[in-house]
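Student: I am new to this structure. Please take me through it in short steps.

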Amino acid sequence: MRISLAQLPANGTHIVDYDGRRVLLCRSPKGIHAMAEMCPHQKLSLDGGRVRGDFIMCPHHGARFNLEDGRSLSPLTTNSLTLYPVRIDGDMIEVDC
Ligand code: FES
């Protein structure tokens with residue numbers, strides 16, 4: 001999947017429908033991250049989640065997940081985010097999902 005870097009807001013999230021899946025993209029100070037849209041806590045959308053440093057906070061109950069390895073940083077769940085590899089090619093984001 002390829003999308004333009006310009007489509008990704010500086011501090012927010014962006015959802016892409018791809019091959020029957022919804023992929024959430026966001027930026028952190030460490031780069032661009034791509035993940036399955038659903039929060040591992042109660043399978044609600046992470047869209048609108050806040051990115052702070054190297055974690056994303058779910059907008060529903062506030063669970064936090066590390067954007068580098070997907071692990072939960074919250075007692076709400078021990079399940080991790082499903083992350084997808086990201087590569088930057090010029091002004092395009094390539095996601096292997
Ligand atoms: S659904 Fe994300 S924290 Fe509950």
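Tutor: A salt bridge is a side-chain nitrogen of Lys or Arg within 4 Å of a carboxyl oxygen of Asp or Glu. Keep in mind that this is a predicted model.

Student: How many salt bridges does a search of the whole structure find?
Tutor: Side chains of opposite charge can pair when their charged atoms come close. With the 4 Å cut-off for the N and O atoms, the whole structure was searched. The number of salt bridges found is seven.

Student: Which residue forms a salt bridge with Arg 2?
Tutor: Look for a carboxyl oxygen within 4 Å of a side-chain nitrogen of Arg. Here the closest N and O atoms are 2.3 Å apart. The partner of Arg 2 is Glu 94.

Student: How many residues apart in sequence are the parts that Arg 2 and Glu 94 tie together?
Tutor: Arg 2 sits in strand E1, residues 2–4. Glu 94 sits in strand E10, residues 92–95. The pair therefore ties together parts whose separation in sequence is 92 residues.

Student: Is Glu 94 buried or exposed?
Tutor: Buried means under 20% relative accessible area. Arg 2 has 45% and is partly exposed. Glu 94 has 15% relative accessibility, so the word for Glu 94 is buried.

Student: Which Arg meets Glu 94 in a salt bridge at 2.5 Å, N to O?
Tutor: This residue has a relative accessible area of 52%. Exposed means over 50%, so the residue counts as exposed. Its side chain and that of Glu 94 meet in the salt bridge, and the residue is Arg 87.

Student: Which residues are linked with Arg 2 in a network of salt bridges?
Tutor: Start from Glu 94, which forms a salt bridge with Arg 2. Glu 94 also meets Arg 87 in a salt bridge. Asp 89 belongs to the network too. The residues linked with Arg 2 are Arg 87, Asp 89 and Glu 94.

Student: What is the distance between the closest N and O atoms of Asp 69 and Arg 71?
Tutor: Asp 69 is partly exposed at 43% relative accessibility. Arg 71 is partly exposed at 41%. The two form a salt bridge, and the distance is 2.9 Å.

Student: Now the strands. How many bridges join strand E2 to strand E3?
Tutor: Strands of a sheet pair through backbone hydrogen bonds, either parallel or antiparallel. E2 covers residues 13–18 and E3 covers residues 21–28, and they run antiparallel. Ile 15 stands opposite Leu 24 in E3. The number of bridges joining E2 to E3 is six.

Student: Which residue in the turn of the E2 and E3 hairpin has a positive phi?
Tutor: The hairpin has two residues between its strands. The phi in question is about 50°. The residue is Asp 19.

Student: Which residue in E4 is the bridge partner of Cys 26?
Tutor: E3 is joined to E4, residues 31–36, by six bridges, and the two run antiparallel. A hairpin through two residues links E3 to E4. The partner of Cys 26 is His 33.

Student: Which are the edge strands of the open sheet E5-E6-E7?
Tutor: Three strands form this sheet in that order, with antiparallel pairing. An edge strand pairs on one side only, and the edge strands are E5 and E7.

Student: Which residue stands opposite Met 57 in E7?
Tutor: Strand E6, residues 55–57, pairs with E7 over three bridges in the antiparallel sense. The residue opposite Met 57 is Arg 64.

Student: Which side chain makes a polar contact with the side chain of Ser 45?
Tutor: Ser 45 lies in the loop between E4 and strand E5. Residues that Ser 45 touches include Met 38, Pro 59 and His 60. The polar contact is at 2.5 Å, and the partner is Glu 37.

Student: Is Leu 76 buried, exposed or partly exposed?
Tutor: Leu 76 lies in the loop between strand E7 and strand E8. Among the residues Leu 76 touches are His 41 and His 61. Its relative accessibility is 38%, so Leu 76 counts as partly exposed.

Student: Which domain does UniProt place at residues 1–95?
Tutor: That span is 0% helix and 44% strand. Its end C-alpha atoms lie 5 Å apart. The feature comes from an unreviewed UniProt entry, and the domain is named Rieske.

Definitions and conventions: Residues are numbered from 1 along each chain as its sequence is written. This is a predicted model: local features need pLDDT of at least 70, side-chain atom pairs count only at pLDDT 80 or more; totals for chains, interfaces and linings use all residues. Side-chain values use heavy atoms; hydrogens and water are left out. Helices (H or I, at least four residues) and strands (E, at least two) are DSSP runs, numbered from the N terminus. Buried means under 20% relative accessible area, exposed over 50%, partly exposed in between (1.4 Å probe, protein chains only). Contact means heavy atoms within 4.5 Å. UniProt positions are given in the numbering used here, feature names are shortened, and annotations may be inferred rather than shown by experiment. Two strands pair if DSSP finds at least two bridges between them. A polar contact is a pair of N or O atoms within 3.5 Å; within protein, one must be able to donate a hydrogen and the other to accept it, and residues adjacent in sequence count only if both atoms are side-chain atoms. Lists of a residue's contacts leave out its neighbours within four places in sequence.
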